[in-house]
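Please read the sequence alongside the coordinates below, and follow the description from one local element outward to the whole chain.

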Amino acid sequence: MSEYENHVKPLYDRDGNLHGVLLSPEIWKKAGKKISEILDQAQDKPASEIHQEPIEDWQMFKDYWDFKYPFNAKVSCRACGAESENWEEDSPRVFYLTNASLSGLLVFHCEKCGATVRKKHFKDHICLEATSHSGESCEPECIYPK
Ligand SMILES: [Zn+2]
């Protein structure tokens with residue numbers, strides 16, 4: 001038996017039809033989280049549910065908008081240059097929301113390069129920062145909307 005067959009066993013019913021696939025606890029421990037995500041996608045669950053985005057916090061953030069400039073949903077990654085005009089509407093999504101706080105801080109995960117992107121809202125300007133997958137901080141970008 002190969003290593004693979006030890007961990008992944010197809011199960012057949014008595015007519016020889018594939019009934020299911022049995023995964024060993026060892027392989028599930030290593031890959032279960034990833035596999036669950038793929039299974040969720042295969043069932044067409046919305047991305048927000050798969051990635052468990054704090055959508056309620058995001059909604060609240062939008063509802064209580066009190067900055068001096070109009071609301072915008074732009075996100076850009078300083079680490080790899082990925083950009084989105086509206087992160088919620090990309091298909092496939094480039095940015096996943098990991099945190100939203102009423103104080104004005106939004107945290108995203110960049111799907112392209114794995115960086116953590118922070119969009120900080122101040123009274124009259126926005127700063128975008130990123131920490132790359134390997135932990136390096138990128139030069140922040142600040143935008144002063146009119
Ligand atoms: Zn990126």
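In this predicted model, strand β2, which covers residues 18–23, lies largely in the open, because the number of buried residues among its six is zero. The criterion behind that statement is a count of neighbours, since a residue is called buried if 20 or more other C-beta atoms lie within 10 Å of its own C-beta atom, and none of the six residues of β2 is buried by that criterion.

Although β2 is open in this sense, the strand has a pairing partner: strand β1, residues 8–12, runs antiparallel to β2, and five bridges join the two. One of the residues of β2 that can be placed in this ladder is valine 21, which is the bridge partner of proline 10. The two strands form a hairpin with five residues between them, and in that hairpin glycine 16 adopts a positive phi near 85 degrees.

Turning from the hairpin to the chain as a whole, the protein chain contains four helices and nine strands, and their order along the sequence is α-β-β-α-α-α-β-β-β-β-β-β-β. The C-alpha trace spans about 70 × 30 × 20 Å along its principal axes, and the radius of gyration of the protein chain is 21 Å, whereas a compact globule of 146 residues would have one near 15 Å.

Burial and contacts can be read at the level of the chain too. Of the 146 residues in the protein chain, 14% are buried, and of the contacts between residues at least 6 apart in sequence, 32% join residues at least 24 apart.

How values were computed:
Residues numbered from 1 in each chain as written. Predicted model: local features only at pLDDT ≥ 70, side-chain atom pairs only at ≥ 80, totals over all residues. Rg over C-alpha atoms; globule rule 2.2 N^0.38 Å. Buried ≥ 20, exposed ≤ 12 C-beta atoms within 10 Å, placed from the backbone. Contact = placed C-beta atoms within 7 Å. Pairing = 2+ DSSP bridges.
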